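Visitor: I'm new to reading protein models. Could you walk me through this one, a question at a time?

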Amino acid sequence: MLMDDMGWGDLGAFEEPSKETPDLDLMAAQGMLFPNFYTANPLCSPSRAALLTGRLPVRNGFYTTNAHARNAYTPQEIVGGISQDEILLPQLLKKKDYVSKIIGKWHLGHRTQYLPLKHGFDEWFGSPNCHFGPYNNSVCPNIPVYNNSEMKGRYYEEFEINVKTGESNLTQIYLKEGLDFISQQAVAQRPFFLYWAPDATHAPVYASKRFLGKSQRGRYTLCDLSCIYGDAMMELDDSISQILAHLVSLGIHNNTLVFFTSDNGAAVMSGQLQSGSNGPFLCGKETTFEGGMREPAIAWWPGRIPAGTVSYQLGSVMDLFSTSLSVAGIHPPDDRVIDGLDLSPVLFNNSLLDRPIFYYRGNQMMAVRIGQYKAHYWTWSNSWEEFNKGINFCPGKEVPGVTTHTQEEHTMQPLIFHLEQDPGERYPISVESKEYRNVLRWVTAVVEQHQTDLIPGMTQLNMCDLAVMNWSPPGCEQLGKCLKPPESNPWKCDWPH
């Protein structure tokens, strides 16, 4: 279960004050909670590519070289997508006859050759892009929604999102798709992999009618659409409860691993009422500070994972690749570097595995965490130009010399923080201290080895072209929804962040 822009601080289990996620909190009480779990990139597309390949985006091609340390993703005008050279999790699971389905947001390329059914998934219901819009279909097409290999409509048209109220039934549709898929595989006694990726908590946030106005979050002010983040959280919480209960009712809960997390930190630049909470952590989505990359995470497997446990393992979304293969009895590919670890010893024995966490922004390793220490080799929030437009990645949490608006290099003298004592990354350890010198020696050895071994993959996110947008997706002919594209005129994509 991969949420979209959901922050570490959005769960009651992590002390969100309104306590409006009782079912996720119960999931944590019945399973294992991970306070130190990370994405592989602070933006949607690269983090999803990392999850499904078990590899850093700089290895699997989901980064850009158009500018230094820039976040890149897959908007409609992107030419590229997930490389045919990458081996995705559902492709490997076929070795043990797993049936795989993705529900919700794909975001690894929208052109036909990049879609899920071309990369190992057997079924798909959802969209290749985020639910931005509505568009007028002449300058920009509305995003299609697919059922398997053909579109069934478009957002804001057949699949409505009310921009004034935030009402949409999409989460309920995704829930039903998930429950039906699980039922079908259980009846057929087939092993399955369900990748459930709703995007209700990504701005513009939406919720169905039954949940609109239910949350206490945001009720201290007069607003409409901007108040419903809590409503979306409550609906997702309820949906996850129904999925877990369905596994129990079918009698397959003792043979099913469920993992819940998010693709990146809360999008605090969207405003307090249109985004989630990153708890005590600095900044949010698109940054390599803790708020951008530390995620809520819960593992659930009754009878296998001890209930009510908390693991302080440094975990990564890439570990879901290796762990899934392990529990399925499948060896990972041996012809490439796999960055994800098999967390089975953690899940089943509450062991701790020694490993670093690398924080990448585009083509640049910005920071590394080892144990409780984090060393920043580069710092940057966003540019002064973007900041002066009102785009603030660290609202209310600016730290002089840390949340810089120019790209600042600290390679010769990294900023080092002790995250247990200073989770907000406000007070760098003195460079004159013995502690700093000891940590620097430790970190330097790890970073030098990583950089020596790193062979970047061929970038997939450099080129854009209006002609490749979702003008005429497969299935548009039957619906009468095909649109005429403009002439091809490719350019190097501009990634401002």
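Guide: Happy to! Keep in mind that this is a predicted model. Let's start with a proline: Pro204 sits in the loop between β8 (192-197) and α6.

Visitor: Which residue does a cis peptide bond join to Pro204?

Guide: Most peptide bonds are trans. The bond leading into Pro204 is cis, with omega at about -5°. The partner in that bond is Ala203.

Visitor: And what is omega near for the peptide bond from Gly133 to Pro134?

Guide: Pro134 is in a loop too, the one between β5 (123-127) and β6 (144-147). The bond from Gly133 to Pro134 is cis. Its omega is near 0°.

Visitor: Back to α6, then. How far does that helix reach from its first C-alpha to its last?

Guide: Helix α6 covers residues 229-249, which makes 21 residues. At 1.5 Å a residue you'd expect 30 Å, and the model comes close to that. From first C-alpha to last, α6 reaches 30 Å.

Visitor: Which residue with a positive phi follows α6?

Guide: Look just past the end of the helix for a phi near 75°. The residue there is Gly251.

Visitor: Glu286 is not a glycine, so what is its phi?

Guide: Most residues other than glycine have a negative phi. Glu286 goes the other way, with a positive value. You'll find Glu286 in the loop between β9 (258-262) and α7 (290-293). Its phi is about 80°.

Visitor: Is Glu286 buried or exposed?

Guide: The cut-off for buried is under 20% relative accessible area. Glu286 has 11% relative accessibility, so Glu286 counts as buried.

Visitor: What about Asn350: where is it found, and what is its phi?

Guide: Asn350 is in the loop between α9 (344-349) and β14 (357-361). Its relative accessible area is 38%, so Asn350 is partly exposed. Asn350 isn't a glycine either, yet its phi is positive, at about 55°.

Visitor: Let's move to charges. How many salt bridges does the structure hold?

Guide: Side chains of opposite charge can pair when their charged atoms come close. Some of these pairs link up into a network, as with Asp4, Arg48, Lys105 and Asp263. The count for the structure is 20.

Visitor: Which residue does Lys176 meet in a salt bridge?

Guide: Start with helix α5 (residues 170-188), and go four residues along from Lys176, about one turn of the helix. An α-helix has 3.6 residues a turn, so residues three or four places apart point the same way. The N to O distance in this salt bridge is 2.7 Å, and the partner of Lys176 is Asp180.

Visitor: Of Glu386 and Lys389, which one is buried?

Guide: Their side chains meet in a salt bridge, 3.4 Å from N to O. Lys389 has 57% relative accessibility, so Lys389 counts as exposed. The other partner has a relative accessible area of 8%, so the buried one is Glu386.

Visitor: How far apart are the closest N and O atoms in the salt bridge of Arg294 with Glu290?

Guide: Here Arg294 is buried, and so is Glu290. The closest N and O atoms of the two are 2.8 Å apart.

Visitor: Now a strand. Which side chain does Gln364 join in a polar contact?

Guide: Gln364 lies in strand β15 (residues 364-370). With a relative accessible area of 16%, Gln364 is buried. Beyond its neighbours within four places in sequence, it is in contact with His68, Ala69, Tyr359 and Trp378. The polar contact is 2.8 Å, and the partner is His68.

Visitor: Last one: which residue 426 places along the chain from Asn66 has its C-alpha 7.0 Å away?

Guide: Asn66 is in the loop between α3 (57-60) and α4 (89-93), and is partly exposed at 24% relative accessible area. Leaving out residues up to four places away in sequence, Asn66 touches Asn462, Lys492, Cys493 and Trp495. With Asn462, the backbone oxygen lies 2.8 Å from a polar atom of the Asn66 side chain. The residue you asked about, 426 residues away along the chain, is Lys492.

Note on methods: Residues are numbered from 1 along each chain as its sequence is written. This is a predicted model: local features need pLDDT of at least 70, side-chain atom pairs count only at pLDDT 80 or more; totals for chains, interfaces and linings use all residues. Side-chain values use heavy atoms; hydrogens and water are left out. Helices (H or I, at least four residues) and strands (E, at least two) are DSSP runs, numbered from the N terminus. Buried means under 20% relative accessible area, exposed over 50%, partly exposed in between (1.4 Å probe, protein chains only). A polar contact is a pair of N or O atoms within 3.5 Å; within protein, one must be able to donate a hydrogen and the other to accept it, and residues adjacent in sequence count only if both atoms are side-chain atoms. Contact means heavy atoms within 4.5 Å. A salt bridge is a side-chain nitrogen of Lys or Arg within 4 Å of a carboxyl oxygen of Asp or Glu. The expected span of a helix is 1.5 Å times one less than its number of residues.
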